[in-house]
Amino acid sequence: MNLPIVVAGGTGNLGRLIIEALLQRGATVRALVRPQTDPTKIADLTQLGVDVRPVDLADVAALTQACIGAGCVVSALAGLREVIVDTQSVLLAAAVAAGVPRFVPSDFCSDYTQQAAGLNRNFDLRREFQAHLDQAAIAATSILNGAFAEVLTYNIPLLDFKRQQVGYWEDADWKIDFTTIDDTAAFTAAAALDADSPRWLRIASFQLSPRELAAAAEAAGRGHFEVVRLGSRADFATHIQQARTANPAGEHELYASWQQMQYLLSMFSVQNNPLDNSRYTGLTWTNAQAVLAAPSEAAATPNSEAAYTDAELIKKLPGFTNHYATVNGVRLHYVEGGSGQPLVCLPGWPQTWYSFYPVAPALAERYRVIIVDIRGMGSSDKPATGYDKKTMAQDIYALMQHLGLPKVSLLGHDIGGMVAASFAFNYPEATEKLILADGAHPSDGMRYMSLLPAPGAFEAKMDAHQPYVWWMAFNQVKGLPEKLLAGRFQYLLDYLFAYVMLDESKMSAFDRAVYAAAYNEPESIRAANGWYQALGQDMADANAYTPLTMPVLGIGSYVSYENMRQSMPAMAPGAQVIGLLDSGHYMFEEKPELVVAAVLDFLK
């Protein structure tokens, strides 16, 4: 049973990321926000598909009502005693009264269970709440992540960019636990959905000593760093106490200067080994170089999976936002921007919604652009079945109903073109205009594709006159592609882009990394194979369809133009077909301006 996860503090940075991670795992999320919360923040969560409940966090009865039926309550609240102890105690009482089985407190810090009381004011508050939590009739799980790795970019004494030195206390080889906020959120979401999660879970994106930190910063392009001893731990503790006594006003500040020093002392006081990083599958851990990379290099840092998430990628499309909707039994991720008549965009293999980024901004100047990760793609669900194009078209139709759109135009590329064509066949009354870019509905002609290439045809670039689509057969094999390609999808991408593009340099290294990250997991490969393994059913369905009568445009690259020119009149007698013969299959990257011009001219 998919019980809702309640998140308190969801409008904060960590809370928002936990919500996004829960949604990516298919969870139903209920966010508790204060009644005075900024309406734009509430609207933002609502657009994600979150059930937002404005509620007085001091009202046990109201909180209890908001928690009923939940599978877990996650607190991402931040503050001092009135929040960590008082407000969380009210939230805990409500969770118990509502019969919620599990509670995740707002710990998210170094392992305070291994540190003496009095050394860190904020840890003492968590320890005080822990005493209440462990006596309550509810299972609890605390996430202890060491230090948030982002502090390494704040020019702290541990990593001083002005002096180009790494400062340490007592031991230059002491391993420090660091976890990024994104990684913490992703792990917390997995724990919240784990009915058997233990009382304590300890994680770290990476563990570095001061010596290793200096080397990592240099490798990240930050220059050479001297490793400098700043004293013993005892010396540092004494200095902190003196600073605290001299600044009594800091007792009312969340991050007083002496409190920040207490966090630094904690980094040199606790080491966690072993870690619980491997408890949940599907997680990636950010490396130190990705965190430390100079700003100009951060986006291109290899192995930084966080750079390829929807939350990060959407930043490259100003005016566009991420959304999720559960329709036709699957949860779909889609990206939306612009205004005007709706234009639904469907990507193909092996890409995601991100493939439309070269053309989406220009299209959004005149239309409401909705780019959907189809069933099995990107952040959308990857069920075991339903990859025939008729079912996938039902997904899109259900999404249109969800959005209140009675009629739309569609632009589909590759596999997305197959789904768009099926949509038009099955829902002609809901289809304004149809645009197919190097992709149309599967037909019986596919059965006559050559299993072996013609002599001399299988070279570095696809022969447009004798095309050999080897991936059609490869993706038919069940169970093998995911074993061969998991974690190695980059190799297929590099070969494919070189084979079917005229100028593969237009598919940047970053683009390739985005798609490798999207398809490296076995489940993603298995789901994408499902699009091809359903072609037999698609061809059978095609025999029952009547020709399309709405306006249809085919855009063919050099690899598909001849095929589209000959085949499209049978499915749409009035179709227009134009050729972009100086572009390969991935025309959005190679010739975005020509694609935009053709689409806008057709839609006007």
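Where is the place of N155? In this predicted model, N155 sits in the loop between β8 (147-148) and β9. The backbone deserves a second look here, as phi of N155 is near 60°, a positive value in a residue other than glycine. With a relative accessible area of 27%, N155 is partly exposed, because that value falls between the 20% limit for buried residues and the 50% limit for exposed ones.

Another asparagine invites a similar look. N328 is not a glycine, yet its phi is positive, at about 55°. This residue belongs to the loop between β14 (321-327) and β15 (330-337). Its relative accessibility is 38%, so N328 also counts as partly exposed.

Attention then turns to the peptide bonds. N273 and P274 are joined by a cis peptide bond, with omega at about 5°. P274 is placed in the loop between α9 (257-267) and α10 (288-292). A cis bond is also found from W349 to P350, where omega is near -10°. For P350, the setting is the loop between β16 (342-346) and α13 (360-364).

The UniProt record, an unreviewed entry, carries the annotation "domain: AB hydrolase-1" for residues 342-454. Across residues 342-454, helix makes up 27% of the chain and strand 21%. The C-alpha atoms at the two ends of this stretch are 43 Å apart.

Charged side chains offer a further view of the fold. The structure contains 25 salt bridges. One of them brings together the side chains of D173 and R211, with an N to O distance of 2.9 Å. Why does this pair tie together parts that are 38 residues apart in sequence? D173 lies in the loop between β9 (165-168) and β10 (176-179), whereas R211 lies in helix α7 (residues 210-219), so the contact links a loop to a helix across that separation. D173 has a relative accessibility of 46% and is therefore counted as partly exposed. For R211 the value is likewise 46%, which places this residue in the partly exposed class.

A salt bridge within a single helix is formed by R565 and E562. The side chains of R565 and E562 meet at 2.7 Å, N to O. Both residues lie in helix α22 (residues 561-571), three residues apart, or about one turn of the helix. R565, at 40% relative accessibility, is partly exposed, and E562 is partly exposed too, with a relative accessible area of 34%.

The side chains of D582 and K591 form a further salt bridge, with 3.8 Å from N to O. This pair still qualifies because the cut-off is within 4 Å. D582 counts as partly exposed at 44% relative accessibility. K591 has a relative accessible area of 21% and is partly exposed as well, because the buried class is reserved for values under 20%. Elsewhere, salt bridges with shared partners connect R16, E20 and D44 into one network.

Key:
Residues are numbered from 1 along each chain as its sequence is written. This is a predicted model: local features need pLDDT of at least 70, side-chain atom pairs count only at pLDDT 80 or more; totals for chains, interfaces and linings use all residues. Side-chain values use heavy atoms; hydrogens and water are left out. UniProt positions are given in the numbering used here, feature names are shortened, and annotations may be inferred rather than shown by experiment. Helices (H or I, at least four residues) and strands (E, at least two) are DSSP runs, numbered from the N terminus. Buried means under 20% relative accessible area, exposed over 50%, partly exposed in between (1.4 Å probe, protein chains only).
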